[in-house]
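Please open your viewer and get ready to select things as we go. Our tour moves through the inside of this protein, one stop at a time.

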Amino acid sequence: MKNIPTPTRVLHVVAAAAALLGTSLAAHAGGEVEVLHYWTSGGEARAAASLKATLQAKGDTWKDFAVAGGGGDSAMTVLKSRVLSGNPPAAAQIKGPSIQEWASEGVLANLDDVAKANNWDALLPKVVSDVMKYKGSYVAVPVNVHRVNWLWANPQALQKAGAKMPTTWDEFFVTAEALKKAGIIPVAHGGQPWQDFTTFEAVALGVGGPEFYKKALVHLEPASLKSPTMLKILTTFKHVKDFTDKNAPGRDWNLATAMVIKGEAGMQIMGDWAKGEIVAAGKVPGKDVLCAAAPGTANSFTFNVDSFAMFKLKNKANEQAQKDMATAIMAPEFQETFNLAKGSIPVRLNMDMSKFDACAKLSAHDFVSTAKTNSLVPSIAHGMAVSSAAQGAIQDVVSQYWNTDNMTAQQAMDRLADAAKTK
Ligand code: BGC
């Protein structure tokens, strides 16, 4: 009688097919989620598409609200005007202390029921769940963990120059000189304030170490902001510019990554969203493009957690759709698919990493080990460390220093310390 489909067996098959399609037998009417994000590069768009597909599989509609501009500065400006005009999107990609800033305005929805039903407290590292909560309640859902302190390099370019992957800043400049002599642009840089700041942050961690980084760039202690170490960091940072090309100003980060992929440039200092571009170009991270912790930072980890905050809505179906999205984001299947495309690692603990590349495996290992040694630090350049006001003011100084030939390290340091007082 094995081959006669019983009603139960039919139901099982239907249920399995429905699960495959990502739908549920008890599909609800479906709502709409307008999603503000800035994932517009090749790798980012693939990752965003996986989020859209996951939401649509639940019977909800994705309304795309993409604002181009790496690092999200433009997206945040647009978000502010939409919220101020009383018309917020349903979900917005907001990170770090900004989540608290928006929550204190009373505009974010409470996600505690979803968090409780899905056990988020147990599934998330505390360093992450703390950031997602306002006054003890979840107001945002995390997607991933990006490591920011990475150096990417083209192996053929290094070989042609007879140079090696540097592990200290001294070695970095030796490799950069060798690449220059071989006629290769040593450093692919995108001259936009957030990219200047990303380089600065890597130098600060490598030259100053994690304790100094925390004192100066997380706690904004005046004695560290104005110190011989900071002077050395600023001088080292500016020296990196000597190895960038004349077309760097204004260049988007993904175009800089493409230069390394093609071997037009030797190295790039950038977070592991660069890995999304490498994968989208059909290359293997760790092999076709090498990855290593940024010079001097092998035992530290600058983290950057992408997350979505949900804004309060009046429409019940859309509210349910927001919850569907929050639930889907934390599901293991989504965590895997999304992060394979995005270049980041899953934010959910104890995930199977077997499908991930060598760079992601290193990142996952280091995320855990640096947490134990107190060298897991929040990225200031990517909105994880200080208030958005202080971050913006410090970023302005760093970028002006990078772009102004006659500004001395001493002058930059004085201005940096002033900028850090911005409330
Ligand atoms: C975000 C990433 C994004 C990158 C470039 C970072 O601040 O966290 O998700 O890919 O900026 O846009």
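Start with the largest cavity, which holds about 90 Å³ of space. Keep in mind along the way that this is a predicted model. To find the spot, select Tyr38, Glu44, Gly71, Trp273 and Lys342: of the 13 residues that line the largest cavity, these lie nearest its centre. Now colour the lining by class, and you should see four nonpolar, five polar and four charged residues.

Next, colour by domain. Domain 1 (16–147 + 305–372) and domain 2 (150–301 + 381–419) each give at least three residues to the lining of the largest cavity.

What sits in the largest cavity? Switch on the ligand, and there is your answer: the ligand sits in the largest cavity. Show the residues around the ligand; there are 14 of them, and Glu44, Lys95, Asp306, Lys342 and His382 come nearest. Two of these names, Glu44 and Lys342, you have already selected among the residues nearest the centre of the cavity.

By class, this shell has four nonpolar, six polar and four charged residues. Domain 1 (16–147 + 305–372) and domain 2 (150–301 + 381–419) each supply at least three residues to the shell around the ligand.

Now zoom in on individual contacts with the ligand's oxygen atoms:

- Pick Lys342: a polar atom of its side chain lies 2.7 Å from an oxygen atom of the ligand.
- Pick Asn304: here a side-chain N or O atom is 2.9 Å from a ligand oxygen atom.
- Pick Gly71: this time a backbone N or O atom lies 3.0 Å from an oxygen atom of the ligand.

With the contacts still on screen, add a surface. How much of the ligand's accessible area does the protein cover? On its own the ligand has 310 Å² of accessible area, and the protein covers 100% of that.

One stop remains. A search of the whole structure turns up two cavities of 30 Å³ or more, and the second largest has a volume of about 40 Å³. Select Val187, Ala188, His189, Thr199, Val240, Thr244, Gln268, Ile269 and Trp402, which line the second largest cavity. Colour this lining by class too: five residues are nonpolar, four are polar and none is charged.

Conventions: Residues numbered from 1 in each chain as written. Predicted model: local features only at pLDDT ≥ 70, side-chain atom pairs only at ≥ 80, totals over all residues. Heavy atoms only, no water. Near = heavy atom within 4 Å. Polar contact = N/O pair within 3.5 Å; in protein donor to acceptor, adjacent residues only side chain to side chain. Areas by Shrake-Rupley, 256 points an atom, 1.4 Å probe, with all protein chains shown as cover. 1 Å grid on protein atoms, 1.4 Å probe; cavity = no way out; pocket = protein on both sides within 12 Å on 5 of 7 lines; lining within 4 Å. Sits in = over half its atoms within 2 Å of the grid points. Nonpolar A, V, L, I, M, F, W, Y, C, P; charged D, E, K, R; others polar. Domains from an automatic or database assignment. Points joined across faces, edges and corners; volume = space filled by probe spheres on them.
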